[in-house]
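Here's a quick tour of a structure, for anyone who'd like some places to start looking. Have the viewer open and follow along.

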Amino acid sequence: MKRVKIAKYTKEKDKAAWDKFNAERAARKYGLWENIRYIFSEAWSVDKVTVLMIFTGFLFDKGWQIAAMFTDKYVVELVLGEQSRRRLMLIVIGLLVAERILEELSDISSTYNQWVGSYRFRRHMQNILVKKNVYTDYENNEKTSVNDALSKAHYATENVAYDTLYNVRKLLGNILAFTAMSGILSYLSPVMVLIVAVPSFISYKLNRRKMMWIWNMADNWQNYDRQLEYINSAASDISYAKDMRIFNLPRFFKQTLERSVSKRLDWYEQQDEWSFRHDVVEQIVLWTGYLCSYGYVVYKVFTGNIGAGDFVLYFNAISMLSNTVYNFVDSYSGFQWQSDNISYAREYCDLPDNTNRGEGEPLPTKDYEIEFRNVSYTYYKADEPTIKNLSFTLHKGERLALVGLNGAGKTTLIKLMCGLYDPTEGEILLNGKPVNDYNRDEYFTLFSAVFQDINELPVSIAENISGKSYEDTDREKLVRCMKQAGLYEKVMSLPDGDKTHLVRSLYDDAIELSGGQKQKMALAKALYKDAPILLLDEPTAALDPIAEQEMYMNYANFSKGKASVFISHRLASTRFCDRIILLENGETAEIGTHSQLMEQGGKYADLFELQSSYYNDKAVGEYE
């Protein structure tokens, strides 16, 4: 067997690890019994049958095994003719019938718990997690610590939470079996219970020490697990497929995968070696107890103190009691581990949101004005702010353009305005009141946005645009929005029209939209929402010149009566805006109308002339 070098602890490190473990345990917001009550409360709310099966199934699980033990005893006595054959025959038949009925009930309840109940409960717990994930502050999703917490929470809801329920069933069964077997063996000799139980308890302590090493080492491989999860996800994501082939990324992915797998495997090998050592000692302890207890029963038979039937009963009772004690302490130990994982899920769901999710100020009903007052924003763990001391006002019904080089902070400003980010310094006001005075979910309703990164949902085009089921979609409004966005003719040319599915990896009849078509669909989606403030972040980046010109011509129409912010690298596209802000390094470099900025002859004018030069004949000739 391959030997590996195990990461060991000195006494000082061992104490530090235990201190860390105990500190983590003490820092857990929820205790063991709180988590068990929580799990059963959630299970009861989603499927009462599951809970009833838990609290009755253990009677069937152990009942048929106990019946089988006594069946063996009386069958032996029947064969040897030690008592009345008729009486023994009736007892054996009764026990066989009881055994079969109890075993069948055990199978039925176990099957329900492990399939129907398990599926319903896991989906329920995952829905709780998903709800938190989609409603928590947007900034939380960008923090590594929060993503690590989410990863642990996912593991808890997918693999641990339901196991806690089923562990209760096993624990109750073990208590029943311990009581029954202790009673049987105590009839022979009370010392027998200790001879069988003590080695099993020592086995539990060894197993606990083994698990403590695994627990304390978990931080070493958490990063590799996250890497492997990302690589597997990216390798199966259709959005990576083109780059994979054109840039020969499979080779890179393979090397990255092999490197992460190798490092993760090193920890698996250490864990396996550590477990092997403890398992060997554990088996020696257990078999010492077995030999002593079995030897005592054999001695009793040899001296004639018990008969053959009792010998079989006690022999089986020793085996069941040993397994029961081990399983009992293992289950109890498992509860603590399961409780910690449940705490991960609950504590993730308890993550505080800085934004106001409670009752807020009533939203204005019309004439919306947003003011940035000395706003700065620094990204999580960034050294420098992306937005620096920015002040301006988006006036009622104003069409505002944001221009600037890449990294100037334009998209960050948009995310601040629509409430995805909160300022690090300064404040943002809606009609003179701080944004956080309003309920954030209600505040989101004020904005229709087209962001640079466009994601399709695996539903029909109509449902992607409306955000509603096809039956609840306003068809007249849908058609109008698709026409304004320049998407109508393309959609109507498809065999299934606006019922056409997107995301080909899920539907055989789905289509893949081009980059420009995706932008048009995103614009149609923003128009369908018909919010009073329109935010467009590079809405023409993937459009051809004709489609871009049509969008500009329609912009005045679909932004009529709305306040709007338009981001573009193409300065010629901002002429139709009422005001232009040139951002540079997160600060306002210039502000004014197109004509005003051109007259100033500053940075805006220089950028405009530079871009214009690429389209005049003289400039073209210079590059020939």
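What follows is a short set of notes on helix packing, a few individual residues, backbone angles and cysteines. Keep in mind that this is a predicted model.

**Helix packing: α3 and α5**

- Start with helix α3 (residues 48-80) and helix α5 (residues 144-188), whose axes come within 9 Å of each other and cross at roughly 35°.
- The crossing of α3 with α5 is right-handed.
- As for what sits in that contact, the residues split into 18 nonpolar, four polar and three charged.

**S106 in helix α4**

- S106 belongs to helix α4, which covers residues 85-135.
- This serine counts as buried because its relative accessible area is 6%, and the cut-off for buried is under 20%.
- Its side chain has a polar partner: the side chain of D61, at 2.5 Å.
- Beyond its neighbours within four places in sequence, S106 is in contact with F60, D61, W64 and R169.

**Two stops on helix α6**

- S200 is found in helix α6, which runs over residues 190-235, and N223 is in helix α6 as well.
- Is each of them buried or exposed, or something in between? S200 is buried, with a relative accessible area of 0%, while N223 comes out as partly exposed at 34%.
- S200 has contacts with L286, S322, V325, Y326 and V329, once you set aside neighbours within four places in sequence.
- If you're after distances, the C-alpha atoms of S200 and Y348 are separated by 37 Å, with their positions 148 residues apart along the chain.
- For N223, the C-alpha atom is 9.2 Å from that of S260, and these two are 37 residues apart along the chain.

**R579 in strand β9**

- Next up is R579, an arginine in strand β9 (residues 579-584).
- Why does R579 count as buried? Its relative accessible area is 15%, so it falls under the 20% cut-off.
- What does the R579 side chain reach at 2.4 Å? That would be the backbone oxygen of T393.
- There's also a polar contact of 2.6 Å between the side chains of R579 and E398.
- Not counting residues up to four places away in sequence, R579 touches T393, L394, H395, E398, R399, L400, A401, I591 and G592.

**Positive phi angles**

- Some background first: most residues other than glycine have a negative phi.
- N389, in strand β2 (residues 387-394), has a positive phi near 45°.
- N389 is exposed, with 52% relative accessibility.
- V503 also has a positive phi, near 75°, and is found in the loop between α14 (488-492) and α15 (515-529).
- Unlike exposed N389, V503 counts as buried, at 15% relative accessibility.

**Cysteines**

- How many disulfides does a search of the whole structure find? The count is zero.
- C481 is in no disulfide, and the nearest cysteine sulfur, belonging to C418, is 20 Å away.
- A disulfide needs the two sulfur atoms within 2.5 Å, so C481 and C418, with that 20 Å separation, don't make one.
- C481 is buried, with a relative accessible area of 1%, whereas C349 is partly exposed at 24%.

How values were computed:
Residues are numbered from 1 along each chain as its sequence is written. This is a predicted model: local features need pLDDT of at least 70, side-chain atom pairs count only at pLDDT 80 or more; totals for chains, interfaces and linings use all residues. Side-chain values use heavy atoms; hydrogens and water are left out. Buried means under 20% relative accessible area, exposed over 50%, partly exposed in between (1.4 Å probe, protein chains only). Axes are lines fitted to C-alpha atoms, for helices over the stretch in contact, and angles run from 0 to 180 degrees between N-to-C directions. Helices (H or I, at least four residues) and strands (E, at least two) are DSSP runs, numbered from the N terminus. A crossing is left-handed if the near helix is turned anticlockwise from the far one by less than a right angle, and right-handed if clockwise. Ala, Val, Leu, Ile, Met, Phe, Trp, Tyr, Cys and Pro count as nonpolar, Asp, Glu, Lys and Arg as charged, and the others, Gly among them, as polar. A polar contact is a pair of N or O atoms within 3.5 Å; within protein, one must be able to donate a hydrogen and the other to accept it, and residues adjacent in sequence count only if both atoms are side-chain atoms. Contact means heavy atoms within 4.5 Å.
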